[in-house]
Amino acid sequence: MALRNAVLAALLEGESSGYDLAKSFDASIANFWMATPQQLYRELAGMEAEGLLAARVVRQERRPDKRVFSLTEAGRAALREFVAEPPRPGSVRDELLVKVQALDDPEGDSGSEAVREFVEERARWARGKLDRYRRLRDRLLDGRSEDDHLRDAERVGPYLTLLRGISFEEENLRWCERVLAVLDARARAARPADRT
């Protein structure tokens with residue numbers, strides 16, 4: 001999937017500045033698509049040049065003027081075309097998994113302490129993302145039940161993708177806890193028994 005498709009989907013919420021779109025990516029879209037602000041601004045410029053987006057300047061007092069982007073009919077058509085295409089199967093490309101895979105080097109230091117730190121950091125990262133996603137879910141629900149929200153909301157896609165982000169980070173956290181438990185058990189087993 002190209003970044004442009006995530007941008008088109010994000011702009012279904014309405015017109016947005018590049019800055020606000022970057023915040024939106026960080027807060028909600030990041031649960032399924034990551035982009036740096038620089039990538040996002042480049043993509044916006046390219047999409048505008050292709051006629052997928054329209055931009056207008058909003059004058060602001062005491063701040064620089066800002067440009068806000070909205071979908072054009074060509075942009076909506078491109079999004080409809082993308083939605084109709086079958087998705088490619090997802091794949092995992094995670095450097096941490098390669099490090100965990102390499103733990104058992106029989107020829108030298110296993111690197112387990114370094115890997116342990118990396119896994120602990122991943123667990124902290126997953127907890128932080130879970131906290132943010134759960135706060136976002138609470139804001140979306142706004143005191144309503146999930147059933148009420150899904151029945152009454154104008155758009156359910158953002159909520160459904162948020163649920164996927166939550167379950168993804170919950171699984172990341174479960175995996176990290178399991179890896180740490182295995183590493184702890186192996187370290188205990190490798191220690192010589194105390195002789196008293």
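**A tour of helix 6 and helix 8**

Read along the sequence, the elements of this predicted model follow the pattern α-β-α-α-β-β-α-α-α-α-α. The radius of gyration is 22 Å, well over the 16 Å that the globule rule gives for 196 residues, so the protein is more spread out than a compact globule. Colour by secondary structure to see the 8 helices and 3 strands.

Next, show the C-alpha trace and orient the view along the principal axes. The C-alpha atoms fill a box of roughly 80 × 45 × 40 Å. Shading by accessibility picks out the buried residues, which make up 28% of the 196 residues.

Now select residues 112-141, which form helix 6. Helix 6 has 30 residues, and from its first C-alpha to its last it reaches 42 Å, close to the 44 Å expected at 1.5 Å a residue. Turn on side chains here: the buried residues of helix 6 are Val115, Arg116, Val119, Ala123, Ala126, Lys129, Leu130, Tyr133, Leu136 and Leu141. Step past the end of the helix to Asp142, which follows helix 6 and has a positive phi, near 50°.

Add residues 157-190, helix 8, to the selection. Helix 6 and helix 8 pack with their axes 8 Å apart, at an angle of about 155°. Angles over 145 degrees count as roughly antiparallel, and helix 6 and helix 8 are therefore roughly antiparallel to each other. Their crossing is left-handed. Finally, colour the contact of helix 6 with helix 8 by residue class: its residues divide into 16 nonpolar, 3 polar and 11 charged.

Conventions: Residues numbered from 1 in each chain as written. Predicted model: local features only at pLDDT ≥ 70, side-chain atom pairs only at ≥ 80, totals over all residues. Heavy atoms only, no water. Axes fitted to C-alpha atoms, helices over the stretch in contact; angles between N-to-C directions. Helix = DSSP H or I, 4+ residues; strand = E, 2+ residues; numbered from the N terminus. Parallel < 35°, antiparallel > 145°, perpendicular 65-115°, else oblique. Left-handed = near helix turned anticlockwise from the far one by under 90°. Nonpolar A, V, L, I, M, F, W, Y, C, P; charged D, E, K, R; others polar. Expected span 1.5 Å × (residues − 1). Buried < 20%, exposed > 50% of the residue type's maximum accessible area, 1.4 Å probe, protein only. Rg over C-alpha atoms; globule rule 2.2 N^0.38 Å.
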